[in-house]
Each structure stands twice: as C-alpha cells, then as structure tokens.
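Student: I have a protein model open and would like to learn how to read it. Could you take me through some of its features?

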Amino acid sequence: MKPRITVITLGVDDLDRSVEFYRDGLGLTTEGIVGQEFEHGAVAFFDLQAGLKLALWNRKDIAYEAKIHLTPPSPTECTIGHNVSSKEEVDIVIEQAKHAGAKITDPPHDTFWGGYSAHFQDPDGHLWEVVWNPQWEFEV
C-alpha cells in the first residue's frame, strides 16, 4: 500500500457546533457544511496542509455509511498530533483551543523525551496533542 492519506474524518454529534469550534475557534479554513441535500451527506471539510483535509461528519452517518453499529465515543481511540516549531507555539495553540471551548486535559509541560507538549479535547471529545519536538523541524 502506498501512503495516500488525504482526509482525516472525525465523527461528531453536532456538526454546526463542531464547525464553529474548528472554523471560528481554531481558525481552520472551510467552505462550511456541504452535502446537506443528501440523507447522511452533510459534511464539512477543512484545509490542513497541502494534500490533507480534515472532515467533520456526523457519527450516526459514518456508522450508516460504513454499515457498523453506532458505539459510544472514546477519546483514547486515537489522537491527532499537531506539531509546532517552538515551546511558545504550544502555549499559543493551547490558549487558542481553550478560548475556543476546548477542554485542556494536560497543560503544556516539558516531556520526559526532551520535547514540550499538551493535550486538549474538542467539543466531541477528540483528543489533540500539541507538541514541539526538538528533533523535528517544520517550516514556519
């Protein structure tokens, strides 16, 4: 398999609330909710980096599409890692998320491996890690 991941889809319970969090709170770019004319089709896409989008789709619609039973959400199923270029940027992003209504589960701190990180949950409980890794360099 060649890695061609182009969309990360998060299941949400309230699409409008989640769009507001990511668009207005975190400042991600979106054209808003599309596909509302289709049953199970309403979704919002956000531009991340080149070739990668974040999608928000109702959990019940994901279950319908994938033909699986809707189960209770669990924030420990996966995390989304947002790597930044400095400790200061970790602090800034966490403050932005907090102001947007995120639940800060792990405030910014030095890590045992030499980095600096923090965690927050979005309105649906999805867990994000904001992290600076001194071994990784990113374009500013």
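Student: Let me start with charged side chains. Which residue forms a salt bridge with aspartate 61?

Tutor: Happy to help, and please keep in mind that this is a predicted model. To find a salt bridge, look for a side-chain nitrogen of Lys or Arg within 4 Å of a carboxyl oxygen of Asp or Glu. Here the partner of aspartate 61 is lysine 60, and their closest N and O atoms are 3.5 Å apart.

Student: Is aspartate 61 buried or exposed?

Tutor: The general idea is to look at relative accessible area, where buried means under 20% and exposed means over 50%. Aspartate 61 has 6%, so it is buried. Lysine 60, in contrast, has 49% and therefore counts as partly exposed.

Student: How many salt bridges are there by this rule?

Tutor: The count comes to six. One of them pairs aspartate 13 with arginine 59, with 3.0 Å between the closest N and O atoms. Aspartate 13 sits in the loop between strand S1 (7–12) and H1, while arginine 59 belongs to helix H2 (residues 59–66), so this pair ties together parts that are 46 residues apart in sequence. As for accessibility, arginine 59 counts as buried at 16%, and aspartate 13 as partly exposed at 47%.

Student: Which residue does the side chain of lysine 87 meet in a salt bridge?

Tutor: That would be aspartate 110, at 2.9 Å from N to O. This pair, too, links distant parts of the chain: lysine 87 is in helix H3 (residues 87–100) and aspartate 110 in strand S6 (residues 103–110), 23 residues apart. Lysine 87 is partly exposed, with a relative accessible area of 32%.

Student: Now the overall fold. In what order do the elements run?

Tutor: Walk along the chain from the N terminus and write down each helix and strand as you meet it. You get β-α-β-β-β-α-β-α-β-β-β, made up of three helices and eight strands.

Student: What does the radius of gyration tell me about this protein?

Tutor: Compare it with what a compact globule would have. For 140 residues that would be near 14 Å, and the protein has 16 Å, which agrees. Along the principal axes, the C-alpha atoms fill a box of roughly 45 × 35 × 30 Å. Of the 140 residues, 37% count as buried.

Student: Let me zoom in on a helix. Which residues of H1 are buried?

Tutor: Go through the helix residue by residue and check the accessibility of each. In H1 (residues 15–25), the buried ones are Leu15, Ser18, Val19, Phe21, Tyr22 and Gly25. Look at the ends as well: aspartate 14 caps the N-terminal end, with a side-chain oxygen 3.3 Å from the backbone nitrogen of aspartate 16. Just after H1, glycine 27 has a positive phi of about 80°.

Student: Which residues other than glycine have a positive phi?

Tutor: Most residues other than glycine have a negative phi. Among the exceptions here are histidine 40, with phi near 70°, and lysine 67, with phi near 60°. Histidine 40 lies in the loop between S2 and strand S3 (43–47) and is partly exposed, at 23% relative accessibility. Lysine 67 is in the loop between H2 and strand S5 (79–84) and is exposed, at 72%.

Student: What does the side chain of threonine 30 reach?

Tutor: With a polar side chain, look for N and O partners, including those on the backbone. Threonine 30, which lies in strand S2, reaches the backbone nitrogen of glycine 32 at 2.9 Å. A polar atom of the same side chain lies 2.7 Å from the backbone oxygen of phenylalanine 45. Leaving out residues up to four places away in sequence, threonine 30 touches Arg23, Ala44, Phe45 and Phe46.

Student: And the surface: which residues form a nonpolar patch there?

Tutor: Look for nonpolar side chains that are accessible and lie together. Val7, Val34 and Phe45 form such a patch, with about 210 Å² of accessible area together. Valine 34 is in strand S2 (residues 29–34) and is partly exposed, at 36%. Over the whole protein, about 9300 Å² is exposed, and carbon and sulfur atoms supply 53% of it.

Technical notes:
Residues numbered from 1 in each chain as written. Heavy atoms only, no water. Buried < 20%, exposed > 50% of the residue type's maximum accessible area, 1.4 Å probe, protein only. Helix = DSSP H or I, 4+ residues; strand = E, 2+ residues; numbered from the N terminus. Polar contact = N/O pair within 3.5 Å; in protein donor to acceptor, adjacent residues only side chain to side chain. Patch = residues over 30% accessible without salt bridge, like charges linked within 9 Å, V, L, I, M, F, W, Y side chains within 5 Å. Areas by Shrake-Rupley, 256 points an atom, 1.4 Å probe, with all protein chains shown as cover. Contact = heavy atoms within 4.5 Å. Rg over C-alpha atoms; globule rule 2.2 N^0.38 Å.
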